[in-house]
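Trainee: Could we go through this model together before I write it up?
Mentor: Certainly; please bring it up and ask as you go.

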Amino acid sequence: MLALQVLIDGFAISALYGLGAVGFTLMFGVSGVLNLAHGGTMLVAAVVAWLAADTVGALGGAAAGLAAGMATAFATYFLVVRPIQRSRSIPREETEIFVLTGTLLWGIMIQEAVAYFTTTSPHTVRPLIAGVTEIAGVRTPTNEILTAVLCWATIGALWLLVNKTKAGKALLAASINPRGLTLLGYELSNIHLLVWAIYGVLAGVAGVLLGAFLGVSSDNAGTLTASAFSIVVLGGLGSVSGSLVAAYCVGYLETITSYLISPAYRNIPSLILLVAVVYLRPQGLLGRR
Amino acid sequence: MSVMRLLPALAVLALPVAAAAADPIKIGIIAENSAISGIAIPNGAQIAADEINAKGGIDGRKIELVAYDDHNSAADAVRAIQRLATQDKVNAVIASYTSEVALALEPWAGRLKMPTITPGAASDDISKRIHADYDHLKYFFHGYLASSFLASATCDAAKDLLVDSKYHMKSAVIMSEDAAWTTPLDAGFIECLPKVGLKVLDHIRMSPDTTDFTPIYNGIEGKKPDVIITGISHVGVQPTVQWANQQVPIPQFGISSQATSSTFWKDTNGATEGIVLQLVAVDSVPSTPKTVPFAQAYIKKYGITPAYSGYGAYDEVYYIADAIHRAGSTDPDKMVDALEKTDWQGTVGQIRFFGKDNPSTHAMEYGKDAVSGLFVQWQDGKQVPIWPASVAGSNTLKFPGFVKLTN
């Protein structure tokens, strides 16, 4: 019974972690940007979904949240990342560090803005489906099942896009050899635009689902970025499948810890795992080097 | 020249008026503006100041508020009280709903000789420290019920509503957040719950940054208690929403500070339906003749009901002004003497403080003829008073369908 409970709860939370981290790692893999405003993007999606659900219902709220996630992603790109990348006064070799700092500050601005307009207390997005379902005697909120399904559907759609479409293959190529791609006549800036759009969808969906499953507050923005970052480092920077494996490692470790030891120590074992992996296998679980 | 000679005489004549214009009573406010329980402090205080000023002030002196946001950080709060004392030169300070912050301010109130009152922190240590070091810390007053009183109130209400009622409950699990204010609260619960007939099966202290409460609720359900007794303030929305979403079949009863404001219904999308909580005052119950008019004024101005700390801050502006009036001075020591003699009918009850010889020095008195508070239950978007019987009328407990009650 307890084992089944851990299995179910761990699956849903891991799927959510995975979805949150996939966009983050894809962005790094394709365009070399570590977006430290990641938590802020998810936060905006969740808060907008919460606000909009009041007037347009749960489904409309979710759509509004998704749109807000995309808008935030594009704002990050056009207001923060692209100006830094194009700036002539920033030396080439320092661009990455400037992007890192720029997105970090942008993330803090987003967080403070959300706190200013909607207070620091957590908000929960109205679940798309209310009620509970019994799975072999374990009472599971139906919304939790839906969360896991939607996470995997989104990840599946991403897989199809990357592996089966021309634009997706170009994306993949950009992550392996951007120079070769430009030689083939592809415009890299279009690829970057595409990856930010995909990132916006992924972070938006993750934000709305997180908001409905656990709830988010502006204080969570930093933690969300940190948790996506550590999952991505654990799985191997830039590796999408590595991030998914790492998300499940972290999700299940946390769930097992909270059930068997105490919810207060929830994230300690996964942090120890992260330290061990960084020490013994710095490229991450599935990273290439 | 004659005009110049007349000036001193005119000045003497105009003195009371000039003093009123030039010498307002300045009160500093320190609170976390982005939290529900925090923003209610400057908001509540502003209404009191506006009311007093509209009537011409106290002894002709207007009330002027100087407010700073402490972001719920003790360091920011200490900087704020230093600035209030040295630069803004305020006469008194109303500060914070967080015990950790209030405890950090306490020695600074002493060093700066700044009469300071907290409208929302609950830790018993606040008054214990004053008792232990009266000469230095006497400038601090605890303007909200101490945690041990909150525990007593919860046990008294639980006895009437849960044990000696049709529910005949026998056991409880305590679920509280790990913070300074819950240490004495939990100790109080552990002592008084068995006395009213509720056996404590487990005691869970969770980290205030918990986001997933599923394991906690599953653990509690495994112990099969009749009720969950809560002590939560910095968390609120998430445990409440997850309780409803997961359909945890056990009722929640106790302290839930965020649920004291009417915004909680929207913040939880109505998941708070059925939650029972303690309040010092509620907009629908005339605890004193002042309660409802204040709550109405607050709703009119800010669109929501005041969180618990808003009532305290409103009363505090009044009795600080009253103390200055009675002391006839803003000298801090004379103000402390006057504040100790406070016997003020506020929005939450008759406000008095325990004296120097009581182990809870400067704690607000709890009791039927002092401040006793009440219990409400969220029903259909409203906080419905259900305890004590004198305010409940015909209201009874109503729990959502997923709560399974043994009766």
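Mentor: We shall take the contact of the chains, then the domains, the helix packing and some backbone details; please keep in mind that this is a predicted model.

Trainee: How many residues does each chain bring to the contact?
Mentor: Chain A contributes 30 residues and chain B contributes 25 residues.

Trainee: And what area is buried between chain A and chain B?
Mentor: About 2,300 Å² is buried between chain A and chain B, with 49% of that area coming from carbon and sulfur atoms.

Trainee: Why quote an area at all?
Mentor: The accessible area lost when parts come together is often used to give the size of an interface.

Trainee: How many salt bridges are there between chain A and chain B?
Mentor: The count between these two chains is three. Over all chains, the search of the whole structure finds 18 salt bridges.

Trainee: Which partner does Arg139(A) have?
Mentor: Arg139(A) forms a salt bridge with Glu221(B), and their closest N and O atoms are 3.0 Å apart. Another salt bridge is formed by the side chains of Lys266(B) and Asp54(A), at 4.0 Å from N to O.

Trainee: Where do Lys266(B) and Asp54(A) lie?
Mentor: Lys266(B) is in helix 11 (residues 263–267) of chain B and Asp54(A) is in helix 2 of chain A, so the pair joins two chains.

Trainee: Moving to chain B by itself, how is it divided into domains?
Mentor: Domain 1 covers 2–145 + 287–351, and domain 2 covers 148–279 + 373–392. Their C-alpha centres lie 31 Å apart. In the contact, domain 1 of chain B supplies 19 residues and domain 2 of chain B supplies 17 residues.

Trainee: What area do the two domains of chain B bury between them?
Mentor: They bury about 1,500 Å², with 59% of it on carbon and sulfur atoms. On the side of domain 1, Ile36(B), Asp124(B) and Leu145(B) supply 34% of the area buried against domain 2, more than any other three residues.

Trainee: How many salt bridges are found across that interface of domain 1 and domain 2 of chain B?
Mentor: Zero salt bridges are found there by the rule.

Trainee: Back to chain A: at what angle do helix 1 and helix 4 pack?
Mentor: Helix 1 (residues 2–31) and helix 4 (residues 142–164) of chain A pack at about 35 degrees, and their axes are 9 Å apart. The crossing of these helices is left-handed.

Trainee: Which residues of helix 1 and helix 4 meet in chain A?
Mentor: Helix 1 residues including Phe11(A), Leu16(A) and Leu19(A) meet helix 4 residues including Cys151(A), Trp152(A) and Ile155(A). By class, this contact of helix 1 with helix 4 has 13 nonpolar, two polar and two charged residues.

Trainee: And helix 2 with helix 7 of chain A: right-handed or left-handed?
Mentor: That crossing is right-handed. The axes of helix 2 (residues 38–86) and helix 7 (residues 188–213) of chain A come within 9 Å and cross at roughly 145 degrees. The residues of this contact divide into 22 nonpolar, eleven polar and one charged.

Trainee: Last topic, the backbone: is the peptide bond from Trp387(B) to Pro388(B) cis or trans?
Mentor: The bond is cis, with omega near 0 degrees. Pro388(B) sits in the loop between strand 14 (382–387) and helix 15 (389–392) of chain B.

Trainee: What is the phi of Ala136(A)?
Mentor: Ala136(A) has a positive phi of about 45 degrees, although this residue is not a glycine. Ala136(A) belongs to the loop between strand 1 (132–135) and strand 2 (138–141) of chain A.

Key: Residues numbered from 1 in each chain as written. Chains lettered and ligands numbered in written order. Predicted model: local features only at pLDDT ≥ 70, side-chain atom pairs only at ≥ 80, totals over all residues. Heavy atoms only, no water. Axes fitted to C-alpha atoms, helices over the stretch in contact; angles between N-to-C directions. Left-handed = near helix turned anticlockwise from the far one by under 90°. Nonpolar A, V, L, I, M, F, W, Y, C, P; charged D, E, K, R; others polar. Domains from an automatic or database assignment. Contact = heavy atoms within 4.5 Å. Buried area = accessible area lost by both parts, 1.4 Å probe.
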